[in-house]
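User: Please take a close look at one part of this structure, the open sheet, and describe how it is assembled and what packs against it.

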Amino acid sequence: MSRNDLRARDLVRRYGGLTAVENVSMDVPRGQITGLIGPNGAGKSTLFSLLTGVEQPDGGKVLLGQRDITRMSPDARSRRGLVQTFQVPSLFPSLTVGDNLLVAAENRRRDYAGGLLGLKARGRASALAVVDEVLDSLELADIRGAVAGTLPTGALRLVEFARALCARPDVLLLDEPASGLDAAETDRFSALVRRIADDGVAILLVDHDVDLVFAVVDQVYAMVGGRVVAEGAPDVVRNDPTVRSVYLAQGPLASKSTSAPPPGGVSPPNGVSPPLPQPAFPAAR
Ligand SMILES: Nc1ncnc2c1ncn2[C@@H]1O[C@H](COP(=O)(O)OP(=O)(O)OP(=O)(O)O)[C@@H](O)[C@H]1O
Ligand SMILES: [Mg+2]
């Protein structure tokens with residue numbers, strides 16, 4: 001099966017005088033989980049929006065496989081296999097779980113089944129087969145008939161993840177996918193993400209929960225003040241002096257604060273702040 005990698009080259013995004021993303025290049029290869037960490041205001045969400053097409057860059061390129069998708073709309077990207085999950089699950093609340101997934105499965109099909117005689121019916125049958133497969137593999141078959149709007153957070157997040165899988169992604173962009181999950185749900189979720197990557201999907205995981213990121217990713221990028229300050233294997237990034245100093249200044253990034261950051265992000269410690277304990281990074285995998 002041939003799948004596409006996602007690459008960003010020299011991306012720049014400015015808001016007035018503030019450069020939220022400054023010459024960021026990133027590789028999100030197939031079959032791997034790539035993490036993106038950084039303190040509040042580092043530029044993670046802005047970069048994510050440039051990759052999904054929600055925002056347009058002031059410079060640089062986004063490539064899906066060999067194709068330049070920099071100016072492509074989010075919908076067009078998702079039909080070509082670049083699929084995202086949303087922090088607030090993007091489900092139709094009045095539809096059942098099964099129907100929500102069917103909509104996602106059929107949207108991807110439209111691209112190549114549309115219009116051709118006979119293919120439409122087969123397209124629907126095949127979309128239903130995809131929904132069956134995803135529901136089974138995520139062990140969600142028992143809530144297929146549940147109305148999405150009535151589900152608790154943990155189940156909603158899994159259904160949102162299922163929705164993304166039904167679009168048969170080459171690249172899956174996950175924005176804070178584990179927020180609101182309890183420890184058991186987070187473990188289940190991490191195992192699922194690993195299985196999807198093992199199937200050959202390229203995954204980008206953006207999360208405040210740095211313990212989760214370090215525990216599950218193959219490689220990680222750390223951003224501060226709009227720039228990538230460290231990249232590589234989790235062990236390398238975890239021990240990077242700039243990353244450590246930011247963590248010491250802030251305390252562990254596990255806090256899910258969404259408060260507005262100072263312009264330009266967080267500065268390294270200046271010796272004035274009181275000493276904080278070393279962040280408790282998990283042991284390497
Ligand atoms: N629409 C916007 N208009 C103006 N400034 C913005 C806009 N979006 C983001 N910014 C600024 O760009 C910088 C990067 O913000 P961004 O939301 O990308 O950071 P983040 O790493 O996702 O932070 P958080 O961890 O808090 O989610 C911040 O200084 C932010 O205030
Ligand atoms: Mg953000």
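**The open sheet and its surroundings**

Analyst: In this predicted model, glycine 35 has leucine 205 of β8 as its bridge partner. That pair belongs to the contact between strand β3, residues 33–37, and strand β8, residues 202–206. The two strands run parallel and are joined by four bridges.

The sheet as a whole is open and consists of six strands, in the order β6-β7-β8-β3-β9-β10, with mixed pairing. Its edges are formed by β6 (82–85) and β10 (227–232); each has a single partner strand, so one side of each is left without a neighbour in the sheet. On average, neighbouring strands of the sheet are turned by 20 degrees against each other, direction ignored.

Two helices that lie across these strands may be considered in turn. Helix α6, residues 183–198, lies across β3, β7 and β8, and its direction makes an angle of about 150 degrees with β8. Helix α5, residues 153–166, lies across β6 and β7 (171–175) and runs at about 175 degrees to β6.

Helix α5 merits further detail. Its 14 residues reach 20 Å from the first C-alpha to the last, close to the 20 Å expected at 1.5 Å a residue. Ten of the 14 residues are buried, so α5 is largely enclosed by the rest of the structure. Among the buried residues of α5 are Arg157, Glu160 and Arg163, as well as Leu158, Phe161 and Cys166. Just after the helix, arginine 168 takes a positive phi of about 45 degrees.

The interior can be described through the largest nonpolar core, which has 71 residues. Cys166, Ile203, Leu205 and Ala222 are the residues with the most contacts inside this core. Helix α5 supplies the largest share of the core, seven residues. Leu205 thus appears in two roles, as a residue with many of the core's contacts and as the bridge partner of glycine 35.

Alanine 222 has contacts that can be listed individually. Leaving aside residues up to four places away in sequence, alanine 222 touches Ile37, Gly38, Val228, Val229, Ala230, Val237, Asp240 and Val243.

A further pairing involves strands β1 and β2. Strand β1, residues 6–15, and strand β2, residues 18–28, pair in the antiparallel sense over seven bridges. Arginine 13 has valine 21 of β2 as its bridge partner. The hairpin of β1 and β2 has two residues between the strands, and glycine 16 takes a positive phi near 55 degrees there.

How values were computed:
Residues are numbered from 1 along each chain as its sequence is written. Chains are lettered from A and ligands numbered from 1 in the order in which they are written. This is a predicted model: local features need pLDDT of at least 70, side-chain atom pairs count only at pLDDT 80 or more; totals for chains, interfaces and linings use all residues. Two strands pair if DSSP finds at least two bridges between them. Axes are lines fitted to C-alpha atoms, for helices over the stretch in contact, and angles run from 0 to 180 degrees between N-to-C directions. Two residues are in contact if their C-beta atoms, placed from the backbone, lie within 7 Å. A nonpolar core is a set of buried Ala, Val, Leu, Ile, Met, Phe, Trp, Tyr and Cys residues joined through C-beta atoms within 7 Å. A residue is buried if 20 or more other C-beta atoms lie within 10 Å of its own, exposed if 12 or fewer, and partly exposed in between; C-beta atoms are placed from the backbone. The expected span of a helix is 1.5 Å times one less than its number of residues.
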